[in-house]
Amino acid sequence: MVWWQAMILGLVQGFTEFLPVSSSGHLILVRELMGLNNGVNAQFNLMFDIMAHMGTLIAVVIVLFKPILDLFKKPFKRLAMLVVASIPAVIVGFTCKDYIEQYFSTAKYLCFFFLFTAVIMLVSEFLAKRNKSPQELGWGGAVAMGVMQGVGVFPGVSRSGSTIFGGTVAGTDSKQVATFSFLMSIPIILGSLFLSVLDAAQAGAMAQIDWFSIFIGAASAFASGYFAVRVMLKLIAKANFKWFSLYLVAVAVGCFFGYFL
């Protein structure tokens with residue numbers, strides 16, 4: 001991988017981590033287009049994922065610094081809801097990690113998952129705009145968002161899109177869905193970092209790594225992630241998702257023709 005490839009992958013990671021289009025699916029797709037999704041680059045990809053996740057984590061912490069501080073105010077209800085909402089994704093991540101890597105680590109089946117995300121985003125916009133009396137975020141909304149975040153573990157299924165769908169179906173206010181969705185990304189990104197570090201240590205991925213390219217990727221992920229969080233907080237509040245759905249349908253069709261025809 002050269003520096004400009006790292007920059008592109010970092011931009012893709014940052015944008016798609018928070019836009020409802022699936023970061024894991026896009027990274028697999030872009031890496032395959034670049035010829036980087038193979039065993040030769042496995043160790044580098046591990047380290048790149050670690051640093052790119054660090055970049056996006058810093059971005060979301062900066063944007064949501066005040067809501068993060070509010071989590072630790074008594075009676076800690078929002079913090080408790082965040083913990084509970086994170087449990088489904090943790091369970092799916094730990095129990096299905098090897099299965100997902102074995103069967104869904106290539107772009108072959110991405111078209112179906114992209115299409116699924118497109119559908120739930122269209123449904124989310126329809127429901128949000130029909131909801132004339134949105135509710136405060138409660139346990140029901142938090143659990144619904146948590147369950148859908150578990151679904152978002154699969155490559156091609158957007159984590160943010162899934163949580164938005166869960167909160168919207170529960171009738172939660174769009175602004176609160178937006179903030180809580182991105183707060184939910186923090187423990188998931190931390191979990192991904194932890195697993196990636198373990199994998200990197202086992203694979204000996206620290207050796208012979210181009211740290212300049214890694215840094216470029218992390219900085220790009222931070223910059224695009226910061227921008228994406230800012231944009232999505234506004235878009236979720238307005239429930240404008242149809243353009244993401246149309247984009248995902250187009251990508252799904254392209255993947256289908258590329259791998260099945």
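Leaving sequence neighbours within four places aside, Q5 is in contact with M34 and L36. Q5 sits in helix α1. Its relative accessible area is 11%, so Q5 is buried. All of this describes a predicted model.

**Around L36 and M51**

L36 belongs to the loop between α2 (23–34) and α3 (42–63). L36 is buried as well, because its relative accessible area is 5%, under the 20% limit. From L36 to K238 the C-alpha to C-alpha distance is 37 Å, with their positions 202 residues apart in sequence.

M51 is part of helix α3. At 27% relative accessibility M51 counts as partly exposed. Its contacts beyond four places in sequence are I214 and A218. M51 and V197 are 146 residues apart in sequence, yet their C-alpha atoms are 10.0 Å apart in space.

**S160 and the aromatic pairs**

S160 lies in helix α8 (residues 159–169). With a relative accessibility of 1%, S160 is buried. Its side chain reaches the backbone oxygen of F18 at 3.3 Å. Beyond four places in sequence, S160 touches E17, F18, L19, P20 and S181.

F18 also takes part in ring pairing. The structure holds five aromatic pairs. One of them joins F18 and F182, edge-to-face, at 5.7 Å centre to centre and 70° between the planes. This pair links distant parts of the chain: F18 is in helix α1 (residues 3–18), F182 is in helix α9 (residues 174–203), and they are 164 residues apart. Why does F18 count as buried? Because the relative accessibility of F18 is 0%. F182 is buried too, at 0% relative accessibility.

F256 and F257 form another edge-to-face pair, 6.2 Å centre to centre with 90° between the planes. F256 counts as partly exposed, because its relative accessibility is 32%.

**Nonpolar cores**

Which residues touch the most other members of the largest nonpolar core? They are V60, F114, F180, F182 and I236, out of 61 residues in that core. Helix α9 gives the largest share, ten residues. I236 touches I164, S174, V177, A178, F182 and F241, not counting residues up to four places away in sequence. Another core lies apart from the largest one. It has six residues, among them V92, I100, F113 and F154.

**Helix α5 and the cysteines**

V92 and I100 are also among the buried residues of α5. Others in that helix include M81, L82, A85 and F104. Helix α5 (residues 77–104) bends by about 65° at C96. C96 itself is partly exposed, because its relative accessibility is 23%.

How many disulfides are there? The count comes to zero. C255 is in no disulfide, and the nearest cysteine sulfur, that of C111, is 6.4 Å away. The cut-off is 2.5 Å between cysteine sulfur atoms, so the C255 and C111 sulfurs do not qualify. C255 is buried, with a relative accessible area of 4%.

**Backbone features in loops**

Three loop residues deserve a look at the backbone. The peptide bond from K74 to P75 is cis, with omega near 5°. P75 is placed in the loop between α4 (65–70) and α5. S22 and A239 each have a positive phi, although neither is a glycine. The table puts these two side by side.

| Residue | Phi | Loop | Relative accessibility |
|---|---|---|---|
| S22 | about 80° | between α1 and α2 | 1%, buried |
| A239 | about 55° | between α10 (211–238) and α11 (242–260) | 3%, buried |

S22 counts as buried because its relative accessibility is 1%. A239 is likewise buried, with a relative accessible area of 3%.

How values were computed. Residues are numbered from 1 along each chain as its sequence is written. Side-chain values use heavy atoms; hydrogens and water are left out. Helices (H or I, at least four residues) and strands (E, at least two) are DSSP runs, numbered from the N terminus. Buried means under 20% relative accessible area, exposed over 50%, partly exposed in between (1.4 Å probe, protein chains only). A polar contact is a pair of N or O atoms within 3.5 Å; within protein, one must be able to donate a hydrogen and the other to accept it, and residues adjacent in sequence count only if both atoms are side-chain atoms. Contact means heavy atoms within 4.5 Å. The bend at a residue is the angle between axes fitted to the seven residues ending there and the seven starting there. Rings of Phe, Tyr and Trp (its six-membered ring) pair if their centres lie within 6.5 Å; planes under 30 degrees apart count as stacked, over 60 as edge-to-face and the rest as tilted. A nonpolar core is a set of buried Ala, Val, Leu, Ile, Met, Phe, Trp, Tyr and Cys residues joined through side-chain atoms within 4.5 Å.
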